[in-house]
Amino acid sequence: TPSNVLDQLRMNGKVVIVTGAADGIGLAVAEAIAEAGGNVAFWYNSNDAAVQHSKDLAATHNVKTSAYKVDVSVSTQVQETIAKVVQDFGKVDVFIANAGMAISKPILEQTLDEYRKQMSVNVDGIVYCSKYIGEVFHRQGFGNLIITSSMSGHIVNVPTDQPVYNATKAYVTHFGKSLAREWREFARVNIVSPGFFDTKMGASPFAINEAYRMAAVGRQGHTKEIKGLYLYLASDASTYMTGSDVLIDGGYVL
Ligand code: NAI
């Protein structure tokens, strides 16, 4: 590892998979990696704009990118797509497990299908991605997994009605910490827990108002304000960091 911190942050030659890369936090993170010289495998599901974003980043930053359509809640698709990325790029240095969704309803109003949908994306999706990328990291002898959780995995923000979403995030936070220990000999694992960010998911009047009322900075975060944290965790600037769960919430959870 170089001693100059700006050199540590450079991603030249690194291969990074970002899930949920078509929108919001995932897109900002994919940009951050490319801006730092890293190659990016864009994983997207429903939003085909990812294909164009991927091409634009490659052209602007002179890096290699590719877009892959994959539903992270289907284990076979996750396994096959990881194999494709390894074939296309030769290795994977960092996997950013960011795709997620919320159905914000009280449990008394939620159908079991709505419950299962959230579990399948936010929990099964993270477990499938982690298991199959873990096999690659183990084989390579190196790797770095970053999981996007949420401050909702720490606290129940008032008066939100999303018990299932909150619990899925508590699950993946603890799962990620456990992997940091299990994989200590070959890979790092860290968790990012965002507060209210101005994405599609964060677009509800409730979230905007709640950030205004409760975050110390008095507003939602812009996705450009989360890029540096992911770059830090993805890069060699954070080689002593594993098993950490980093809140980035404008001072909401205090
Ligand atoms: P977003 O809705 O803009 O992006 C979510 C992305 O995940 C989309 O690209 C979507 O296509 C993808 N996705 C959903 N289901 C998928 C599936 N089955 N397979 C593959 N991809 C799938 O939302 P945002 O805010 O960018 O969310 C990113 C992560 O950040 C999520 O895990 C979310 O829970 C988390 N988060 C967001 C917060 C916010 O205030 N925006 C707060 C705390 C956490």
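Leaving aside its neighbours within four places in sequence, with which residues is isoleucine 33 in contact? The tour returns to this residue after a view of the whole chain and of the ligand.

**The whole chain**

Begin with the full model, which is predicted. Colouring by secondary structure shows 8 helices and 7 strands in the chain. The radius of gyration is 17 Å, and the globule rule gives 18 Å for 254 residues, so the chain is as compact as a globular protein of that length. Along the principal axes, the C-alpha atoms fill a box of roughly 50 × 40 × 40 Å. Of the 254 residues, 48% are buried. Among contacts with a separation of 6 or more, 72% are between residues 24 or more positions apart.

**The ligand and its shell**

Next, select the ligand and the residues that surround it, 28 in number. The closest of these are Gly20, Gly24, Gly100, Thr199 and Gly202. Two elements give two or more residues to this shell: helix H2 (24-35) and helix H5 (112-140). The greatest contribution is that of H2, with 3 residues. Colouring the shell by residue class separates 10 nonpolar, 15 polar and 3 charged residues.

**Helix H2**

Now isolate H2, residues 24-35. Its 12 residues should span 16 Å at 1.5 Å a residue, and the distance of 17 Å between its end C-alpha atoms agrees with this. Restore the surrounding chain to see how the helix is placed: 11 of its 12 residues are buried, so H2 is largely enclosed by the rest of the structure. The buried residues are Gly24, Ile25, Gly26, Leu27, Ala28, Val29, Ala30, Glu31, Ala32, Ile33 and Ala34. Gly24, one of them, also belongs to the group of residues closest to the ligand. Moving past the end of the helix, select glycine 37, which follows H2 and has a positive phi, near 95 degrees.

**The nonpolar core and isoleucine 33**

Select the largest nonpolar core, a set of 66 residues in which Ile33 and Phe42 touch the most other members. H2 provides the largest share of this core, 8 residues. The helix thus appears in two selections: it contributes 3 residues to the shell around the ligand and 8 to the core.

Finally, centre the view on isoleucine 33. Beyond its neighbours within four places in sequence, isoleucine 33 is in contact with Met11, Val16, Gly38, Val40, Leu231 and Ala234. Displaying these residues together with Ile33 answers the opening question.

How values were computed: Residues are numbered from 1 along each chain as its sequence is written. This is a predicted model: local features need pLDDT of at least 70, side-chain atom pairs count only at pLDDT 80 or more; totals for chains, interfaces and linings use all residues. A residue is near a molecule or strand if its C-beta atom, placed from the backbone, lies within 6 Å of it. Helices (H or I, at least four residues) and strands (E, at least two) are DSSP runs, numbered from the N terminus. Ala, Val, Leu, Ile, Met, Phe, Trp, Tyr, Cys and Pro count as nonpolar, Asp, Glu, Lys and Arg as charged, and the others, Gly among them, as polar. The expected span of a helix is 1.5 Å times one less than its number of residues. A residue is buried if 20 or more other C-beta atoms lie within 10 Å of its own, exposed if 12 or fewer, and partly exposed in between; C-beta atoms are placed from the backbone. A nonpolar core is a set of buried Ala, Val, Leu, Ile, Met, Phe, Trp, Tyr and Cys residues joined through C-beta atoms within 7 Å. Two residues are in contact if their C-beta atoms, placed from the backbone, lie within 7 Å. The radius of gyration is taken over C-alpha atoms; the globule rule is 2.2 Å times the number of residues to the power 0.38.
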